[in-house]
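User: Please take a close look at one buried histidine and its surroundings. Then set that part in the context of the whole chain.

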Amino acid sequence: MKAIKGRTDHVVVVGAGLAGLSAALHLLGAGRQVTVVERDRVPGGRAGQLDVDGYRLDTGPTVLTMPELLDEAFAAVGDSLAARLDLTPLHPAYVARFPDGSSIDVHSDGDAMEAEVLRVAGPTEAAGYRRLRRWLTDLYATERDRFIGANFDSPLDLVGPQLAKLAGMGAFGSLGAKVGGFVRDRRLRRIFSFQALYAGVPPERALAAYAVIAYMDTVAGVYFPRGGMRAVPEAMAASAARAGAEFRYGTTVAWLERIGSRVAAVRTTHGERIPCDAVVLTPDLPASYRLLGHLPRRLVPLTWSPSAFVLHAGTDRSWDSLGHHTISFGAAWRRTFEEITARGQLMSDPSLLITRPTATDPSLAPDGRQLLSVLAPAPNLELAPIDWDRVGPAYRDELVGVLEKRGLTGLGDSVTVERVLSPADWARQGLAAGTPFAAAHTFAQTGPFRPRNLLRGIDNVVLAGCGTTPGVGVPPVVISGRLAADRITGGRIADSGQSHHDLARSAT
């Protein structure tokens, strides 16, 4: 693994999102002085927060998996997840609702999920689920350290016994086809392949290797922190501050002062000069490249993931059919992916992720009220330059109407407070193509082919975040912070994740 040469005593981390906070904790644990510069007034980055009339909204990710990665970051400074966060495991992790009126509770516990599959699809599918669970667990164990949690300097870094094992497992075939080899029921195939959308690729074109996301959701388990998802970056920032990090909130980086191939200082829009020995950049890739005045050459231009239209609504009623996380599937499936990834159209028969955090933590809303977040995948602005400021209100009404027809009777009249985030809003936040999901995980943008966290010609800057290695999602972003720290410290910070024994036991 290549590491930054020369002094690295003082590191400036640009951005207090999950990647930047993870990097800060690992750097502090390795004895570095750390200054974190954040343009917002609070930590979180894309894991944002908004308070409206007694409702506490999470405007970023709503699904938390693999909390042991957070524990690893806390442990770097002698802290712990248990001391900082109160996590509730969600049982079920999801409720999946289908257009035929059926519903499947998605459990991370193997016995509970097998019983649910037996109930809805019979013994053959239940046996197939058990085989799928073992395969997912083996896949994650194979990818965890060598592929997900490793820095790449060359595609040749992939070569080795684990690459051959992955090929033998079918990891480089189609995700949709691989899942279909275990379970034939269309509902189950959707449950274990819809996660491809997080990677920005339809299940039939996504690598089966990305089934590790399904592992995280459906085997490792889904959690929710008391206080909302905002509690995660707040806890990480508090831990880093206690360990000696200096935070400068409400401060925007204007440019990086370079002397030759090294950055000597970070300059802010306030006119401040912050001298440094190394920099971790976590903004969106194009923003980081602009700060550096450097655009890496690629044989194939970057392509961007689909975006999302999100309705956050405070309501004066609730619905028994909703879990903490509910996936409301439309009848269309392949057409839905084609619309948002190829045609640049809004979903004609939408599949939606509905999160009701007040199901687990009622304190996030006023007494007797509920908080809902409805996420509708949408094409990004590069594929479909939709005038969202004009289209957004009508699309909001359309989605509310769809949900009312699917059982959320009276939803429209129950809304007392709402906020909408569209691709135009993500673009106004500076996110390329108006998507919060960064570069898509196509084959040409996966593993060693994904934009690297080291840049040629710039000796002391490392990238972190969802645009670089290993990719999109809370766990990969937290890992990216550790990988950036490894580049600076020159060492491999030990994993504190589950052992292979634990993984095997969880699959049975």
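Analyst: A residue counts as buried when its relative accessible area is under 20%. Methionine 66, at 2%, is therefore buried. The same cut-off serves for the histidine below. The model is predicted.

Start with histidine 441. Histidine 441 sits in the loop between α16 (423-428) and β20 (461-463). Its relative accessible area is 6%, so histidine 441 is buried. Its side chain makes a polar contact of 2.7 Å with the side chain of tyrosine 210. A polar atom of the histidine 441 side chain also lies 3.2 Å from the backbone nitrogen of valine 472. Tyr210 and Val472 both appear among the residues that histidine 441 touches, once those up to four places away in sequence are set aside. The others on that list are Ala199, Val201, Thr446, Arg450, Pro470 and Gly471.

Pro470 leads to a backbone feature. The peptide bond from threonine 469 to proline 470 is cis, with omega near 0°. Proline 470 belongs to the loop between β20 and α17. A cis bond also runs from histidine 91 to proline 92, again with omega near 0°. Proline 92 is placed in the loop between β6 (87-89) and β7 (94-97).

Back to the loop of histidine 441. Alanine 433 is found between α16 and β20 too. Alanine 433 is not a glycine, yet its phi is positive, about 60°. With 18% relative accessibility, alanine 433 counts as buried. Methionine 66 also has a positive phi, near 50°, without being a glycine. Methionine 66 is in the loop between β5 (64-65) and α2 (68-75).

Next comes helix α17. Valine 474 lies in this helix, which covers residues 474-489. Valine 474 has a relative accessible area of 11%, so it is buried. Beyond its neighbours within four places in sequence, valine 474 is in contact with Leu18, Pro61, Val63 and Leu64. Valine 474 and valine 77 are 397 residues apart in sequence, and their C-alpha atoms are 20 Å apart in space.

Now the empty space. The structure holds four cavities of 30 Å³ or more. The second largest cavity has a volume of about 60 Å³. Its lining consists of Arg56, Asp58, Thr62, Phe224, Met229, Thr355, Pro357, Leu371 and Ser373. β4 (55-58) and β18 (370-378) are the elements that give two or more residues to this lining. By type, the lining of the second largest cavity has four nonpolar, three polar and two charged residues.

The second largest pocket has a volume of about 930 Å³. Its lining has 28 residues, and Pro296, Arg452, Leu454, Leu455 and Arg456 are the closest to its centre. The lining of this pocket divides into 15 nonpolar, two polar and eleven charged residues.

Finally, the whole chain. The protein chain has 18 helices and 20 strands. Its radius of gyration is 22 Å, close to the 23 Å that the globule rule gives for 508 residues, so the chain is as compact as a globular protein of that length. The C-alpha trace spans about 65 × 55 × 45 Å along its principal axes. Of the 508 residues, 59% count as buried. Among contacts with a separation of 6 or more, 71% join residues 24 or more positions apart.

Notes. Residues are numbered from 1 along each chain as its sequence is written. This is a predicted model: local features need pLDDT of at least 70, side-chain atom pairs count only at pLDDT 80 or more; totals for chains, interfaces and linings use all residues. Side-chain values use heavy atoms; hydrogens and water are left out. Helices (H or I, at least four residues) and strands (E, at least two) are DSSP runs, numbered from the N terminus. Buried means under 20% relative accessible area, exposed over 50%, partly exposed in between (1.4 Å probe, protein chains only). A polar contact is a pair of N or O atoms within 3.5 Å; within protein, one must be able to donate a hydrogen and the other to accept it, and residues adjacent in sequence count only if both atoms are side-chain atoms. Contact means heavy atoms within 4.5 Å. On a 1 Å grid over the protein atoms alone, a cavity is a set of points where a 1.4 Å probe fits but cannot get out, and a pocket is an open set with protein on both sides within 12 Å along at least five of seven lines; lining residues have an atom within 4 Å of a point. Grid points are joined across faces, edges and corners, and a volume is the space filled by probe spheres set on the points. Ala, Val, Leu, Ile, Met, Phe, Trp, Tyr, Cys and Pro count as nonpolar, Asp, Glu, Lys and Arg as charged, and the others, Gly among them, as polar. The radius of gyration is taken over C-alpha atoms; the globule rule is 2.2 Å times the number of residues to the power 0.38.
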